[in-house]
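Work through the exercises below with the model open. Try each task before reading its solution.

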Amino acid sequence: MSTKIKTLISGRGLLWLLVLVCLVVSVPSASCTPDHLAAPDTKSTNVSTLDRLQMNLFVNYDANVQPTIQGKATNVSLGLSVNYIDIDELNGKITLHCWLTVRWVDEQRSWNIKQYDNITKLHIPDNKVWKPQIMIFNAAADEGNYPVSTQMILSNDGSFLWVPPAVYTAYCALNMINWPYDQQICKLKIGTWSVGNLNAAYNKVIDYDDLVQSSEWEIVSGRTESVHKDYYSYVEFIFTTQRRSSMYKAIIFTPASCIVILTLAAFWLPPKMGEKIMVNGILILLIASFLMYFAQLLPVLGGNTPLIVVFYSASLLVLSISTIIEVVVLYLATAQHKRRVPDIVKRLLNGKLGSCLMLSHFTNDAELPTTQNNGLPKEMDENLYNSVDDMTSPLDINPTDTPSARALQFDWVLLATAVDRICFIAFSLVFIVLSIVYIA
C-alpha cells in the first residue's frame, strides 16, 4: 500500500511540474526585470548612437601607435594661425601667440554615417587617441614648448583635426642696422621627434588675418619650409615683420633735424658773439643724452649698429670740430691784432670769393667816410670794433702804409666772418652726406 501511494504522489508531482512549466512558457514575454536595468534601444537617442560609434571605433585601440593608411605611417600636416606677435630686441627673442592646425588620417577610424544616424563628426579628448608630440625646436624659454591639451575632431572619413593653442618663444637673429625702419626675419621650427613625415599644410599654411595688431610690429609676409631628417621632421615658419615707426619720427628724427639746423645757424651769428660756443655746448649735451637713450633702448650689437646711432655719433664729432672752429673765429674777431691780414687773403675777401660769401656789405661799411655822416662827424663804433692804439711796426718799410686800428681790426673780423661762411658750406655738405648715408 505504501509503495502505491509513493508511486502516485511521485506521478502527481511530475504532473504538476509539467503544468507549471507549460504556464511559464505560455506567458508572452513576461519579465520581472526593472525598467532602469533593461537594455537600452541603440536607436532611441543620439547619445546612445554616439556611445555605440565610439565603442566600435576604438575597440582594441592603442593610442601609442601611429595610425597607418594603405600600410604606411600616416602623413601629418601642420599649419599655423597667428594671433599676436612681439619681438624683444634686448634679448633677441620673438614671442608668438598662435593656434596650430594639425591634420592626419587613420583609415581604421572611418564609418558609414547611414548606420549611425548620419553622424559625421566626433569630438574626442586628445589624451584618448594618438597625436603627434608637437614642439618647438628653437625654443628660447623652458615653458610653452608644447601646445595646450584640447579636444580634437574625428570625421567619418577617418581624418583627424587638432587645433591646440600655443605660446612660442624662439630666438631670432635681429638686424638692427635700419632701426627704427627695420624689418626682421624670424624663424620658428615646429615639429616632432616621433614622426618623420611631417609636412606643411597646403592650404594657407600661415594665417594671420585675425592677427591682433601689435603696438610696434606687423607681419609683412610669411612662408614655410618642410625639413625631413631620418628620425624627425619639422616645419620652418618664416616671418617677415615690419616695425611701426610713426612714433620715432617725433622723438628721434625731429630732434636730429633741429640739431643740424642749429649747428649750421651758429655759423651765421656775428663772429664776436661768444654765445655761439654756448649753443654748440648745449647741442653736444643734447646729442650725448640721445646716445644714452639709445644705449638703454637697443641691445649691444657686434656688427650691425643702427645707422641713426652712427648719425648721432657723427653729429657729436662734427659739433666738437665746429666748437673748435668757433673758438678760432672768436679769437680772430676779438683779439687785438698787430699785424695785417696777408694781402693775398685780403684780395680774395674783397674779390669774387667775398662776393660768393656775401661779404660785400662788410667791405662797403669799411669804405664809408669817417668824418661826415649826414653833416655830422662819424664816431668809431666801440661795440663792433675793439679800439687799439695806432702803432707802427719797426719792420714796416713805409710807415705811412700802416692801416689804422679800425681798418686793421675790420680786416680780421672780415676774415673771421669768411671762415664762418666757408665752414657753413662745408658742414652743410657733411650733414647732407650723413643724412644720405645713415638716414635715407
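## Exercise 1: a proline in a loop

Start with P147, which sits in the loop between β6 (135-136) and β7 (151-155). Helices (H or I, at least four residues) and strands (E, at least two) are DSSP runs, numbered from the N terminus. The model is predicted, so local features need pLDDT of at least 70 and side-chain atom pairs count only at pLDDT 80 or more, while totals for chains, interfaces and linings use all residues. Residues are numbered from 1 along each chain as its sequence is written, and side-chain values use heavy atoms, with hydrogens and water left out.

Task: Is P147 buried or exposed, and which residues does P147 touch?

Solution.
- Step 1. Set the scale: buried means under 20% relative accessible area, exposed over 50%, partly exposed in between (1.4 Å probe, protein chains only).
- Step 2. P147 has a relative accessible area of 15%, so P147 is buried.
- Step 3. List the contacts (heavy atoms within 4.5 Å). Leaving out residues up to four places away in sequence, P147 touches L100, I134, W162, P164, P165, A166 and Y168.
- Step 4. Check one partner by distance. P147 and Y168 are 21 residues apart in sequence, and their C-alpha atoms are 8.9 Å apart.

## Exercise 2: the chain as a whole

Task: How many helices and strands does the protein chain have, and what share of its residues is buried?

Solution.
- Step 1. Count the elements: nine helices and 14 strands.
- Step 2. Of the 440 residues in the protein chain, 36% are buried.
- Step 3. Turn to contacts between residues at least 6 apart in sequence. Of these, 76% join residues at least 24 apart.
- Step 4. Add the surface. The accessible surface of the protein chain is about 26,400 Å², and 60% of that belongs to carbon and sulfur atoms. Areas come from the Shrake-Rupley method with a 1.4 Å probe; for residues, only the protein chains shown count as cover.

## Exercise 3: helices α3 and α4

Task: What span should helix α3 have, and where does α3 kink?

Solution.
- Step 1. The expected span is 1.5 Å times one less than the number of residues.
- Step 2. Helix α3 (residues 246-265) has 20 residues, so it should span 28 Å; its end C-alpha atoms are 28 Å apart, in agreement.
- Step 3. Find the kink. It is about 30 degrees, at F253, shortly before P255. The bend at a residue is the angle between axes fitted to the seven residues ending there and the seven starting there.
- Step 4. Mark the buried residues of α3: Y248, I252, F253, P255, A256, I259, V260, T263 and L264. Their cover includes β14 (233-243), α4 (275-297), α5 (307-334) and α9 (405-438).
- Step 5. Repeat for α4. Its 23 residues reach 33 Å from first C-alpha to last, close to the expected 33 Å. Buried here are K276, N280, L283, I287, F290 and F294. They pack against α3, α5 and α9.
- Step 6. Recall the general rule. An α-helix has 3.6 residues a turn, so residues three or four places apart point the same way.

## Exercise 4: salt bridges

Task: Which residues are joined with R243 into one network by salt bridges that share partners?

Solution.
- Step 1. Apply the criterion: a side-chain nitrogen of Lys or Arg within 4 Å of a carboxyl oxygen of Asp or Glu. The structure holds eight salt bridges.
- Step 2. E89 and R243 form one of them (2.6 Å, N to O). E89 lies in the loop between β3 (76-88) and β4 (93-105), and R243 in strand β14, 154 residues apart.
- Step 3. D182 and R243 also form a salt bridge (2.6 Å, N to O). D182 is in the loop between β9 (165-171) and β10 (183-192) and R243 is in β14, so the pair ties together parts 61 residues apart in sequence.
- Step 4. Check burial. D182 is buried at 1%, and R243 is buried at 2%.
- Step 5. Now D420 and K276, whose closest N and O atoms are 2.7 Å apart in a salt bridge. D420 lies in helix α9 and K276 in helix α4, so this pair ties together parts 144 residues apart in sequence.
- Step 6. D420 is buried at 1%, and K276 at 0%.
- Step 7. Assemble the network: shared partners join E89, D182, E216 and R243.
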